[in-house]
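Trainee: I would like to go through some of the labels used for this model. Please set each one against its definition.

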Amino acid sequence: MVTAIETDKLIKRYGAVTAVDGLTLRVEQGEIYAFLGLNGAGKTTTIRMLLGMVKPTAGQVRVLGASLPTGDRQLWNAVGYLVETPHAYPELTVRENLEVMRRLRPGVEPAAVSRVIDRLGLAAYADRRTGTLSLGNQQRLGLAKALLHTPPLLILDEPANGLDPAGIVEIRHLLLDLARQEGVTVFMSSHILGEVARLADRIGIIHQGQLLQELDVAELERNRRRRLIVRAHDGRVALAVLLNAGFAASLTADGAIELTDNAAIERPDEVATQLVLAGHPPTRLAVEQEDLEPYFLRLVGLDRAGPDV
Ligand code: ATP
């Protein structure tokens, strides 16, 4: 099976700015790969290079086995894409815009227009002029266009952009369905780890044009910091009991006891037993996992973010 997307030491410089700095990626067919980075990390530039819209300064791109640039029009029939705010003719309706797009795609049957309108939940807006659409519905229209020709590979720049929470969930289900039921490969960018952690098989973290880390989602769960939080009526005395029992523990700013070693996290019952035996039973005992966003900021080295971030 050919690899869906492969890049090799991809570089893009704009004058003194290095937007993408030696990026080597591999996306297998059928997987959902999330490309995660802060604003300006180089996501859009990479996606433009994957689509042949921007010429790399150096390095290689292969899409579905074809090296870019390619004169092979067939390749682009196999790719659906969405890059930044999707373009539409503002005076035409949603249906008319999709019809224009359909005619540009040889071999796509007329019924495809209604199919994508339904799939993206655009039925109520089908006869509205696109110039009057909300940002979220323009985004849906952009996704509808990307799906019109049922491509096996989707390359989507911030597909959740402008969508409300319900829309984000809908699009997540749509992309999961496409990948799991139809074997579609999805390469998508995002700046929200919490959003892609529920969707992606693998996450590539890009920062200042470089791939910092690639994770599968199970690994992400393992890497997140965990801690056991214990409260007692007298936190200081309870802390002394736990330190005496050999646990590494400390008090948090709000008077809780924090334990970060695995012995405590894996056996909260041991911790509780020690406190009960000493006559200071816990009033609360909970294993907490680091939130995704602090985890992401820690990975990109911005966890001690100053006011200029
Ligand atoms: P965002 O989430 O804000 O869209 P991004 O990760 O997509 O960010 P890019 O748009 O790829 O980031 O930008 C990466 C860097 O390259 C930024 O510093 C940006 O200013 C710069 N850049 C992008 N396009 C150009 C251009 N045409 N000319 C000059 N600099 C550019």
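Trainee: Which residues beyond four places in sequence are in contact with T130, and what makes each of them a contact?

Mentor: T130 has such contacts with A88, Y89, P90, L92, T93, V94, N97, Q138 and L141. Each is called a contact because heavy atoms lie within 4.5 Å. This is a predicted model, in which local features need pLDDT of at least 70 and side-chain atom pairs count only at pLDDT 80 or more, while totals for chains, interfaces and linings use all residues. Residues are numbered from 1 along each chain as its sequence is written, and side-chain values use heavy atoms, with hydrogens and water left out.

Trainee: Why is T130 called buried?

Mentor: The relative accessibility of T130 is 4%. Buried means under 20% relative accessible area, exposed means over 50%, and partly exposed is in between, with a 1.4 Å probe and protein chains only. T130 therefore counts as buried, in the loop between α4 and α5.

Trainee: What makes the pair T130 and N97 a polar contact?

Mentor: Their side chains are joined at 3.3 Å. A polar contact is a pair of N or O atoms within 3.5 Å; within protein, one must be able to donate a hydrogen and the other to accept it, and residues adjacent in sequence count only if both atoms are side-chain atoms. The T130–N97 pair meets that limit.

Trainee: T132 is in the loop between α4 and α5 as well. Is T132 buried, exposed or partly exposed?

Mentor: The relative accessible area of T132 is 42%, so T132 is partly exposed. Its side chain reaches the backbone oxygen of R129 at 2.8 Å. T132 and E91 are 41 residues apart in sequence, and their C-alpha atoms are 9.0 Å apart.

Trainee: What is unusual about phi at L64 and E158, and how are these two residues classed by accessibility?

Mentor: L64 has a positive phi of about 50° although not a glycine, and lies in the loop between β4 (58-63) and β5. With 23% relative accessibility, L64 counts as partly exposed. E158, likewise not a glycine, has a positive phi near 45°, and is in the loop between β7 and α6. At 17%, E158 counts as buried.

Trainee: Which peptide bond is called cis, and where is its proline?

Mentor: The bond joining L68 and P69 is cis, with omega about -5°. P69 is in the loop between β5 (66-67) and α2 (73-77).

Trainee: Why is α6 called a helix, and what span does it reach?

Mentor: A helix is a DSSP run of H or I with at least four residues, a strand is a run of E with at least two, and both are numbered from the N terminus. Helix α6 has 18 residues, 165-182. The expected span is 1.5 Å times one less than the number of residues. That gives 26 Å for α6, and the helix reaches 25 Å from its first C-alpha to its last, which is close.

Trainee: What makes the buried residues of α6 one face?

Mentor: The buried residues are G167, I171, R172, L174, L175, L178 and A179. Seen down the axis, they fall within an arc of 160°, so they line one face of the helix; the arc is that of the directions from the helix axis to the C-beta atoms. The face turned away carries the exposed residues P165 and Q181. Among the elements covering the buried residues are β3 (32-36), α5 (135-147) and β8 (185-190).

Trainee: Why are β1 and β2 said to pair?

Mentor: Two strands pair if DSSP finds at least two bridges between them. Strands β1 (residues 5-14) and β2 (residues 17-27) have eight, in the antiparallel sense, and I11 stands opposite D21. Two residues lie between the strands of this hairpin, where G15 takes a positive phi near 55°.

Trainee: What makes β12 and β14 edge strands?

Mentor: The open sheet has the order β12-β13-β11-β14, with antiparallel pairing. β12 (249-251) and β14 (284-289) each have a single partner strand, so one side of each is left without a neighbour in the sheet. Six bridges join β11 (residues 226-231) to β14, and I229 has A286 as its bridge partner.
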